[in-house]
Amino acid sequence: MRTADVKVDDKTLAAWEIISVISSVLIVAWTIVPLAGESRLVGAVPIALAFALMIQSHRARGESLRDLGFRTDNFFRAIRLLILPMVIGALLLLFAGRIAQALGFGASERMRSVWWIILGGFAWGLLQQYALQGFIHRRLYIIYGRGARTTFLVALIFAGLHAPNFALMAATFASGLVWAYVYERAPNLWALGLSHSTMSWIVIATLPDSIITGLRVGYKYFM
């Protein structure tokens, strides 16, 4: 898709769609969480509205599930592109975890349930990759086209949504660059969801909780 072939109004609409989805996440993380306390139902409302907006947007633009990346034909191509960055990332995290322990940050707190990794972790990773790549990334296509700028912005947005947890922001920016790069070349959300859940587990399994602070973001980071 070339930028010149898209109407200005389409670009403006795409920008507002991105802002709307990001705003919904930030409202939950920074406003509803401290006000609602343990009630998760209140926080689910803006998120549900954001997903309703995304689904309606896909319908209006004629985007199919295959277009978004819910497909299998390019799964192994996406996996091949992901393997090397994931191995490098895992080794760097392992090294960082050892250094952190040597500096007195304590040991990592490993996940207790393999079922959480297989089911919950994958589902959560897939959901995030759908919103990040299948929606935000594709809307950035409309505004800027494909290329380095769009890849960078996807990673920057992903990192920003994990503020103010600096450790997670650094990790999500680096991983966001990889996932956006792979999505442009082999848009497969199943592979990206699997990569997301795997790398999340590796982060928790290698880095001390004193550094990643329980993966908390937004206002909850200070709680």
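Which pattern does the chain follow, read along the sequence?

1. Start with the overall layout, bearing in mind that this is a predicted model. Reading along the sequence gives α-α-α-α-α-α-α-α-α. In secondary-structure terms that comes to nine helices and zero strands.

2. On burial and contacts across the chain: of the 223 residues, 41% are buried. If you take the contacts between residues at least 6 apart in sequence, 78% of them join residues at least 24 apart.

3. Now for a helix pair worth opening in your viewer. Two packed helices are described by the angle between their axes and the distance between the axes. For helix α6 (residues 148-160) and helix α7 (residues 166-185), the axes come within 8 Å and cross at roughly 145 degrees. The handedness of the α6 and α7 crossing is right-handed.

4. Who meets whom there? On the α6 side, the residues are T150, T151, F152, V154, A155, L156, F158 and A159. Their partners in α7 are M169, T172, F173, S175, G176, L177, W179, A180, Y181 and E184. Sorted by class, this α6 with α7 contact has twelve nonpolar, five polar and one charged residues.

5. A bit more on α6 by itself. Its 13 residues reach 18 Å from first C-alpha to last, close to the 18 Å expected at 1.5 Å a residue. The buried residues in α6 are T150, T151, V154, A155, I157, F158 and A159.

6. Next, D67, which sits in helix α3 (residues 65-68). Is D67 buried or exposed? Neither: its relative accessible area is 34%, so D67 counts as partly exposed. The D67 side chain reaches the backbone nitrogen of S64 at 2.9 Å. Setting aside neighbours within four places in sequence, D67 also has G62, R138 and Y183 in contact.

7. One long-range pairing for D67 deserves a look too. D67 and P187 are 120 residues apart in sequence, yet their C-alpha atoms are 8.1 Å apart in space.

8. Last stop is T206, in helix α8 (residues 189-206). Why does T206 count as buried? Because its relative accessibility is 10%, and buried means under 20%. As for polar contacts, the T206 side chain reaches the backbone oxygen of I202 at 2.6 Å.

Methods
Residues numbered from 1 in each chain as written. Predicted model: local features only at pLDDT ≥ 70, side-chain atom pairs only at ≥ 80, totals over all residues. Heavy atoms only, no water. Helix = DSSP H or I, 4+ residues; strand = E, 2+ residues; numbered from the N terminus. Buried < 20%, exposed > 50% of the residue type's maximum accessible area, 1.4 Å probe, protein only. Polar contact = N/O pair within 3.5 Å; in protein donor to acceptor, adjacent residues only side chain to side chain. Contact = heavy atoms within 4.5 Å. Axes fitted to C-alpha atoms, helices over the stretch in contact; angles between N-to-C directions. Left-handed = near helix turned anticlockwise from the far one by under 90°. Nonpolar A, V, L, I, M, F, W, Y, C, P; charged D, E, K, R; others polar. Expected span 1.5 Å × (residues − 1).
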